[in-house]
Each structure stands twice: as C-alpha cells, then as structure tokens.
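Biologist: I would like a close look at one part of this model, the packing of a helix pair. Please set that part in the context of the whole chain.

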Amino acid sequence: CPTDVPKRLRFLCGEQTDFSYDNADEYDVIIAVDVASPTQLGSLSELIGKIDIMIDHHEMGEAFADNYIDHHSAAAGEIIFDLYKLIRERGTVGSLPAVARLIYAAMISDTGSFKQANTTPRTHLIAAELS
C-alpha cells in the first residue's frame, strides 16, 4: 500500500501497524491486488517489473505483470475469496476469521457497501459465506 492505512480502517490491521518495506528483493513473490494500472502504485511504482502477479476486477486498465483479471467480479475481494476458498478446500489452511473479515471489507469498499451497480447476487452470496 503506497499510503498509510486510514484511521477508519486500522481495526482491520490487527497488531500490524507498519506496511512499509525496505527492499523488494526480500520477498519471494509480490502480488498487486486491485491495482488497475501502474499509476495507482504511487510511491511504489519502483516495484513495476518486480511484481509477479496482478489480480484485478476492473475492465479498463493496463496490465503491468502476469495477471488474473476478472471484470465480471464486482470486487477484487471476490477473486481473493475464490483463492481463499480453494486453499481451504485443499486443506492448506483452515478457516481464518481475520482473512474473511479482510475479504469482506474489500468487497464493501469496491461495491460502495453493496449499493453500486457492480454488485451481483454472487457478491451477496460470498458476503453471506464470509459471515
């Protein structure tokens, strides 16, 4: 995240308060989520070329890494939910309430609290499954 987490969302961060990094080379994989174009990276634009995967739901944008873009999803959180559900079904992770809370928050943000036209019945079904 190129900016500090807004105060109104800090409750989602748990004990982690610092989301900065010193060196991208310290990470095995860098994934950009809900970033439709490199300009949205702001101060993190130096990561272009080091980002391994971009995951997004915007129909308009500029792919800047290997990507999975599903413009039928109302929110990037829906795509992340599908990945989360898959690794839970495979037994890689158990149910993680904190992850469900973050996915739900992402969906609320991208759909304007489920009021925007991009909200679909699937959006509501995922929200119900996360609760």
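Modeller: What follows starts with the overall fold, turns to the helix pair, and then takes in the cores and loops.

This is a predicted model. The protein has three helices and three strands. The strands come before the helices: from the N terminus the order is β-β-β-α-α-α. The C-alpha trace spans about 40 × 35 × 35 Å along its principal axes. The radius of gyration is 15 Å, which agrees with the value near 14 Å for a compact globule of 131 residues. Of those 131 residues, 31% count as buried. Among contacts with a separation of 6 or more, 39% join residues 24 or more positions apart.

Now the helix pair. Helix 1 covers residues 76–89, and helix 2 covers residues 97–111. Their axes come within 7 Å and cross at roughly 155°. Because angles over 145 degrees count as roughly antiparallel, helix 1 is roughly antiparallel to helix 2. On the helix 1 side, the contact is made by Ala76, Gly77, Glu78, Ile80, Phe81 and Tyr84. Helix 2 answers with Val99, Ile103, Ala106, Met107 and Asp110. By class, this contact has eight nonpolar residues, one polar and two charged.

Helix 2 also holds Thr111. How exposed or buried is Thr111? Thr111 is buried, because its relative accessible area is 0%. Leaving out residues up to four places away in sequence, Thr111 touches Ala74, Gln116, Asn118, Thr119 and Thr123. Of these, Thr123 falls within helix 3, which runs over 121–130.

Beyond Thr111 comes the loop between helix 2 and helix 3, where Ser113 is found. Ser113 is not a glycine, yet its phi is positive, about 60°. Most residues other than glycine have a negative phi. Ser113 is partly exposed, since its relative accessible area is 41%.

A second positive phi lies in the strand part of the chain. Asp34 has phi near 65°, again in a residue other than glycine. Asp34 is found in the loop between strand 1 and strand 2. At a relative accessible area of 27%, Asp34 is partly exposed.

Glu46 lies in that loop too, between strand 1 (31–33) and strand 2 (53–56). Glu46 counts as exposed because its relative accessibility is 54%. Glu46 and Ala24 are 22 residues apart in sequence, and their C-alpha atoms are 9.3 Å apart in space.

Ala24 leads on to the cores. In soluble globular proteins, nonpolar side chains tend to be buried together. The largest nonpolar core here has eleven residues. They are Ala24, Ile30, Ala32, Val35, Leu41, Leu44, Leu47, Ile51, Met54, Phe64 and Ala65. Which residues does Phe64 contact, leaving aside neighbours within four places in sequence? Phe64 is in contact with Ala32, Val35, Ser37, Pro38, Leu41, Ile51 and Met54. Apart from this core lies another, of ten residues. Its members include Ala100, Ile103, Ile126 and Leu130.

That second core leads back to the helix pair. Ile103 is one of its residues, and Ile103 is also part of the contact between helix 1 and helix 2.

Methods. Residues are numbered from 1 along each chain as its sequence is written. This is a predicted model: local features need pLDDT of at least 70, side-chain atom pairs count only at pLDDT 80 or more; totals for chains, interfaces and linings use all residues. Side-chain values use heavy atoms; hydrogens and water are left out. Axes are lines fitted to C-alpha atoms, for helices over the stretch in contact, and angles run from 0 to 180 degrees between N-to-C directions. Helices (H or I, at least four residues) and strands (E, at least two) are DSSP runs, numbered from the N terminus. Angles under 35 degrees count as roughly parallel, over 145 as roughly antiparallel, 65 to 115 as roughly perpendicular and the rest as oblique. Contact means heavy atoms within 4.5 Å. Ala, Val, Leu, Ile, Met, Phe, Trp, Tyr, Cys and Pro count as nonpolar, Asp, Glu, Lys and Arg as charged, and the others, Gly among them, as polar. A nonpolar core is a set of buried Ala, Val, Leu, Ile, Met, Phe, Trp, Tyr and Cys residues joined through side-chain atoms within 4.5 Å. Buried means under 20% relative accessible area, exposed over 50%, partly exposed in between (1.4 Å probe, protein chains only). The radius of gyration is taken over C-alpha atoms; the globule rule is 2.2 Å times the number of residues to the power 0.38.
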